[in-house]
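Welcome! Here are some short exercises, each with a worked solution to follow along with.

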Amino acid sequence: MKEEISNLQITQLAKSIREKKVSPVEITKLFLNQIKEFNPQINAFITIMEKQALEDAKKAEKKLMNETYRGPLHGIPIGLKDLVFTKDIKTTMASPIYKNFIPKKNAAIVGKLKDAGAIIIGKLNTHQFAYGPTGDRSYYGPVKNPYDLNKMSGGSSSGSAAALAANMCLGAIGTDTAGSIRIPASFCGVVGMKPTYGLVSKRGVYPLSRTLDHVGPMTKSIEDNALFLNIIAGYDPLDFNSKKLKTYPDYSKNINKSIKGVVIGIPQNFFFDNVDEEITKSIENSINLLKELGGIIVEIEIPNVQNHILEQQLILRSEAYTTHKQHLENPKNAWDEEVRMRLYTGEGISADSYIKAQEERVTTYYKFKKLFEKIDILISPTAAMLPPDIEQREINHGIFKGQHIRWPILRLTSLFNFIGFPAMSLPCGLSKNNLPIGVQLIGDMFQEQKLYQIGDALFKASNISERLKQKNLFR
């Protein structure tokens, strides 16, 4: 029973909860026990909210008994990246500076999840202040990969991805400024969606870069991810960056519909350059599957990608330094040195350079809007390399020899934070050493529904879910 429940998707378990075949309390206890068993090895959770989770589960069960069902997240245990403010529960940003910080209010997203009946089971580890793609720079120690405990989980939403992959929760919230949802999703074999900029409220989520940050769902399947986005998407008048749509679609609506005739753009420059051979092969297999499913493949050129990414990095460095300038006055021992030094790279950026980068961002946005008049989605690898060893920083062999690992990890994701288009990573294969490989799908603004439709078709056709289960150390 334990193994059966923990390996279910949210969509499957929700049906059993609604039919009262299994109780929210029973499920919550199961996942709390799995956290106690697995977290010492993975280090995905900073705070385990056992008491509050059980109280909330009892309330969810009582409502169910009274025929008050709040929807598919009712009674479902989820985790929150420890940048998301939780009232009366510490929120650390994985930093000693905030190790005793207890917010007075919940983040907007927490209110939505609680209203939907979700059980928040704990706060998840992250690269310190979310400033890094590796997931091994936290005051609370590195998050380990559930497929190989010596490998990185990816960052910065490291705990979110690893907790899901190790069956310690059924859904998680991550944040993404340059790839921080998609990279750990790729490294840990889960699904991560960076929604359109402004679709999900950031109010009450500690910022890194205010014009590049996104909040999004992480799950074990595409169906679960769409369900999750249905709950958390929406306009927030108290979030300046929130976008108001006339209507918000059901993101699950087109799942299981044919993708015959969808036009899939394959970049002919940059996105497949200098990519690990095993990853390239896996993405090619995904493209062939999409063809078999009726997709129309179109080769495209995307000019000036490298320049656009440099502009994104300039904005990120400038805004991250501005956000954390006050904290840099703390003693060095309050910081991970790598994060501290990276923040200082934004110190000397001029207002003129920053404004030009923001102007370039607008120009690039309209170039991509034009591109998406011809295609439905773009496809690329999520990361250019497989998960490195924890603490590894320089690559000493192969096509990346001599490089710092940050560039091959980040180079294929950050552009889509720059322009704000939705991008999703889903697992598509395993390396010869049984490490997950992720494929990235990118859509036009507010076209998450289409990404889910195409992504789910690929996810199911590849049978990747079953292959991941066989190689995961915790499933």
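**Exercise 1.** How many residues does the largest nonpolar core have, and which have the most contacts inside it?

*Solution.* Start with the ground rules. This is a predicted model, where local features need pLDDT of at least 70 and side-chain atom pairs count only at pLDDT 80 or more, while totals for chains, interfaces and linings use all residues. Residues are numbered from 1 along each chain as its sequence is written, and side-chain values use heavy atoms, leaving out hydrogens and water.

Next, the term: a nonpolar core is a set of buried Ala, Val, Leu, Ile, Met, Phe, Trp, Tyr and Cys residues joined through side-chain atoms within 4.5 Å. Buried means under 20% relative accessible area (1.4 Å probe, protein chains only).

Now the result: the largest such core has 153 residues, and Ile109, Leu113, Phe368 and Leu378 have the most contacts inside it. Helix α3 (residues 24-42) gives the most to this core, with eight residues. Helices here are DSSP runs of H or I with at least four residues, and strands are runs of E with at least two, numbered from the N terminus.

**Exercise 2.** Find out why strand β9 is largely enclosed.

*Solution.* First, count: five of the five residues of β9 (residues 263-267) are buried, so the rest of the structure largely encloses this strand. Then look at each face: Val263, Gly265 and Pro267 are buried on one side, Ile264 and Ile266 on the other.

**Exercise 3.** Which strands does β9 run parallel to?

*Solution.* Strands pair if DSSP finds at least two bridges between them. Five bridges join β9 to parallel β10 (residues 296-300), with Pro267 opposite Ile300. Two bridges join β9 to parallel β11 (residues 377-381), where Ile264 has Ile377 as its bridge partner.

Note on methods:
Buried < 20%, exposed > 50% of the residue type's maximum accessible area, 1.4 Å probe, protein only.
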